[in-house]
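Grab a coffee and open the viewer. Below are a few exercises, each followed by a solution you can trace by eye.

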Amino acid sequence: MLSSRGSNNAQLHKIPWRYALPHEYDKETNPTGMISFALAEHAPMRAEIANYINTKVEFNVASVAYGSGNDAIVRLRRAVATHLDNLLEPIAPIDPEEVVVASGVTAIGSMLGFTLAEPGDGILISRPAYGRFELDYGVEAGVQMVYANTTAEEAFAPSVVEKYELALRDAQSNGMQIRALLLVNPHNPVGRCYPVETLTGILKFCNKHQLHLISDEVYASCIFDSGDPSAVPFTSILSLSTPELINPDLVHLLYGFSKDFASGGLHLGFLVTQNKPLRQSCNAILRLHSASTAAITIGTTILEDQDFLRNFTAKSQQSLASTYRIATSTLDRECVRYIKGGNAGFFIYIDLSPYLPRDSGNSTTPPEFTLAQKFVNAGVFLHPCEEHGKVPGWFRLVFAQEEDVLREGLRR
């Protein structure tokens, strides 16, 4: 009764642990509820952004009209360009015409998969990686994630280019066309930023093979003082991608409101690219992925308020620094290994391999599933096998929680 695509997508719901359990805990109303350390959301800042929207945003006729009937989208593009110029320090100011506005970074991923690749083509990405990219680029576009065989440490070293070369050759030898390389900077799930030398090598690699470089920088202002002197500062790809390193038409940046502004439910994301045919192609399918004019009104108001941006970002970074130190001090005390050098994002990549069940017999069930079920039985959720790590037993722990939630979840 369904198409082949429909049938394949229907099977996704049958894959064990494919979807995360919801957060249900509340200290007062549901103290025994499930605590989820899986959803990458900056929970302590949601009230701040909601209060701003309730008190500062004024809706008008344009806020509920079709976008084509007013200049709201033009105004938002200007605000986005100004904000990203300040935040990313690109080598040249961003032209507002280079900004495509959509209903979130997830939607843009689907649009890029559809416009840059054919069904069955591949996109390179290092390990570990945000597991939902398989859905973002695959559900509608049918594009495959191709994983370079890296450890968490190797992914940030300049030598990662050698791993990309191997993955590219392997894919090509199997008849797969690689269309792009996907970079997440700051990184999800490791919480690190890429060194300039590594970014430069990746730019040269993409230019050499004429691969599109998709730089997902949705955590660009979620940088904080972790107290680790080895932590690498954030560098945007737009501050490095000169024509001498790469054809500008191959570089595409993703940004949105879900992380930096703790408002994933707003569904507002941006693609920044100099590639005019790509923008035209994306605009042709925006009727399926366009942001609501209400979200556009909210986003424009926020981005035009420079005082609020400065204050909100400072509070956000202070909150992340505080909860990061709570989480890492607990992990240190309990002798749980994790990737050091983190200073960005909402997560810590932790090694729970010593606690994996040893006697699995002939079972084909990954041992991470068994361990995750023990956590669930104790009332805390960590998503198993989601990050496609090279070594079994690693989990992403989202520490960007209210302090009472974080401490209770860690206790459990």
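**Exercise 1.** Which element gives the largest share of the lining of the largest pocket?

Keep in mind that this is a predicted model.

*Step 1.* Start with the pocket itself: the volume comes to about 750 Å³.

*Step 2.* Now look at the wall. There are 32 lining residues, and Leu 39, Ala 40, Thr 106, Tyr 130 and Lys 259 lie nearest the centre of the pocket.

*Step 3.* Go through the elements that give two or more residues to this lining: they are helix 4 (105–116) and helix 5 (133–138).

*Step 4.* Helix 4 takes it, with three residues, the largest share.

**Exercise 2.** Work out where the largest pocket lies relative to the domains, and sort its lining by residue type.

*Step 1.* Find the two domains: domain 1 covers 4–47 + 309–411, and domain 2 covers 59–308.

*Step 2.* Both domains give residues to the lining, so the pocket lies between them.

*Step 3.* Sort the lining residues and you get 13 nonpolar, 11 polar and eight charged.

**Exercise 3.** Which residues does each cis peptide bond join, here in the loop after strand 3 and in the loop after strand 5?

*Step 1.* A reminder of the background: most peptide bonds are trans.

*Step 2.* Go to the loop between strand 3 (122–126) and helix 5, where Pro 128 lies. The bond from Arg 127 to Pro 128 is cis, and its omega is near -15°.

*Step 3.* Move on to the loop between strand 5 (178–184) and helix 7 (196–209), which holds Pro 186. Asn 185 and Pro 186 are joined by a cis peptide bond with omega about -5°.

**Exercise 4.** Take Glu 89, which has a positive phi without being a glycine. Is Glu 89 buried or exposed?

*Step 1.* For context, most residues other than glycine have a negative phi. Glu 89 goes the other way, with phi about 50°.

*Step 2.* Place the residue: Glu 89 sits in the loop between helix 3 (72–88) and strand 2 (99–102).

*Step 3.* Check the relative accessible area, which is 58% for Glu 89. Exposed means over 50%, so Glu 89 is exposed.

**Exercise 5.** Do the exercise again for Gln 210, another non-glycine residue with a positive phi.

*Step 1.* The phi of Gln 210 is about 55°.

*Step 2.* Gln 210 belongs to the loop between helix 7 and strand 6 (212–216).

*Step 3.* Its relative accessibility is 46%, so Gln 210 counts as partly exposed.

Methods:
Residues are numbered from 1 along each chain as its sequence is written. This is a predicted model: local features need pLDDT of at least 70, side-chain atom pairs count only at pLDDT 80 or more; totals for chains, interfaces and linings use all residues. Side-chain values use heavy atoms; hydrogens and water are left out. On a 1 Å grid over the protein atoms alone, a cavity is a set of points where a 1.4 Å probe fits but cannot get out, and a pocket is an open set with protein on both sides within 12 Å along at least five of seven lines; lining residues have an atom within 4 Å of a point. Grid points are joined across faces, edges and corners, and a volume is the space filled by probe spheres set on the points. Helices (H or I, at least four residues) and strands (E, at least two) are DSSP runs, numbered from the N terminus. Ala, Val, Leu, Ile, Met, Phe, Trp, Tyr, Cys and Pro count as nonpolar, Asp, Glu, Lys and Arg as charged, and the others, Gly among them, as polar. Domain bounds come from an automatic or database domain assignment. Buried means under 20% relative accessible area, exposed over 50%, partly exposed in between (1.4 Å probe, protein chains only).
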